[in-house]
Amino acid sequence: SAYEKAVELDGDKPEHLSALAAIEAHLGDLTGASRLYEELLDHSPGDEAARLALADLHRRSGDLEGCRRESQRVLHTTPDDPRARELLSRCNNPVRD
């Protein structure tokens, strides 16, 4: 896509990887989106928004352990994060969306 080409030309800027991952997820490519969020987290491991997005992708694809792992990583550094707590609860008590 044109966006992927722009990312190739401008390097691995976190905001580009994040935007492309969100587009992939919106289009239903959960595997592609997960790969992009993992790449982003390789460059910016403290990006909690990306980590929570990855956790939610794990949840949506049925990987509840991956969802728990990523949610707990956020809670390790930010114990009161309401998004991480909500996501962890959804991973531990799965209900079909």
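Contact is taken here to mean heavy atoms within 4.5 Å. On that basis, in this predicted model, the buried residues of helix H4 pack against helix H2 (14–26), H3, H5 and H6. The protein chain that contains these elements has six helices and zero strands, and its order from the N terminus is α-α-α-α-α-α. Of the 97 residues in the protein chain, 36% are buried. Among the contacts with a separation of 6 or more, 32% link residues 24 or more positions apart.

Helix H4 (48–60) consists of 13 residues and spans 18 Å between its first and last C-alpha, close to the 18 Å expected at 1.5 Å a residue. The buried positions in H4 are Ala50, Arg51, Leu52, Leu54, Ala55, Leu57, His58 and Arg59. At the N-terminal end, H4 is capped by Asp47, which places a side-chain oxygen 3.2 Å from the backbone nitrogen of Ala49. After H4 comes Gly62, with a positive phi near 90°.

Helix H5 (residues 64–77) has 14 residues, and the distance from its first C-alpha to its last is 21 Å, close to the 20 Å expected at 1.5 Å a residue. Gly66, Cys67, Glu70, Ser71, Val74 and Leu75 are buried in this helix. An α-helix has 3.6 residues a turn, so residues three or four places apart point the same way. The buried residues of H5 pack against H4 and against helix H6 (82–92).

Glu70 belongs to H5. Its relative accessible area is 4%, and because the limit for a buried residue is under 20%, Glu70 counts as buried. Leaving aside residues up to four places away in sequence, Glu70 touches Arg51, Leu54, Ala55 and His58. These four residues are listed among the buried positions of H4. With one of them, Arg51, the Glu70 side chain also forms a polar contact of 2.5 Å, side chain to side chain.

Glu38, located in helix H3 (residues 30–43), has a relative accessibility of 37% and is therefore classed as partly exposed, since that class lies between the limits of 20% and 50%. When residues up to four places away in sequence are not counted, Glu38 touches Leu54 and His58. Leu54 and His58 also appear in the contact list of Glu70. Between Glu38 and Ala21 the C-alpha to C-alpha distance is 9.6 Å, for a separation of 17 residues in sequence.

The pairing of H4 with H6 was examined next. The two helices pack at an angle of about 15°, and their axes are 10 Å apart. Angles under 35 degrees count as roughly parallel, so H4 and H6 are roughly parallel to each other. Their crossing is left-handed. On the H4 side the contact is made by Glu48, Ala49, Leu52, Ala55, Asp56 and Arg59, and on the H6 side by Arg83, Ala84, Leu87, Arg90 and Cys91. Leu52, Ala55 and Arg59 are also listed among the buried residues of H4, and Ala55 is in addition one of the residues touched by Glu70.

Definitions and conventions: Residues are numbered from 1 along each chain as its sequence is written. This is a predicted model: local features need pLDDT of at least 70, side-chain atom pairs count only at pLDDT 80 or more; totals for chains, interfaces and linings use all residues. Side-chain values use heavy atoms; hydrogens and water are left out. Buried means under 20% relative accessible area, exposed over 50%, partly exposed in between (1.4 Å probe, protein chains only). A polar contact is a pair of N or O atoms within 3.5 Å; within protein, one must be able to donate a hydrogen and the other to accept it, and residues adjacent in sequence count only if both atoms are side-chain atoms. The expected span of a helix is 1.5 Å times one less than its number of residues. Axes are lines fitted to C-alpha atoms, for helices over the stretch in contact, and angles run from 0 to 180 degrees between N-to-C directions. Angles under 35 degrees count as roughly parallel, over 145 as roughly antiparallel, 65 to 115 as roughly perpendicular and the rest as oblique. A crossing is left-handed if the near helix is turned anticlockwise from the far one by less than a right angle, and right-handed if clockwise.
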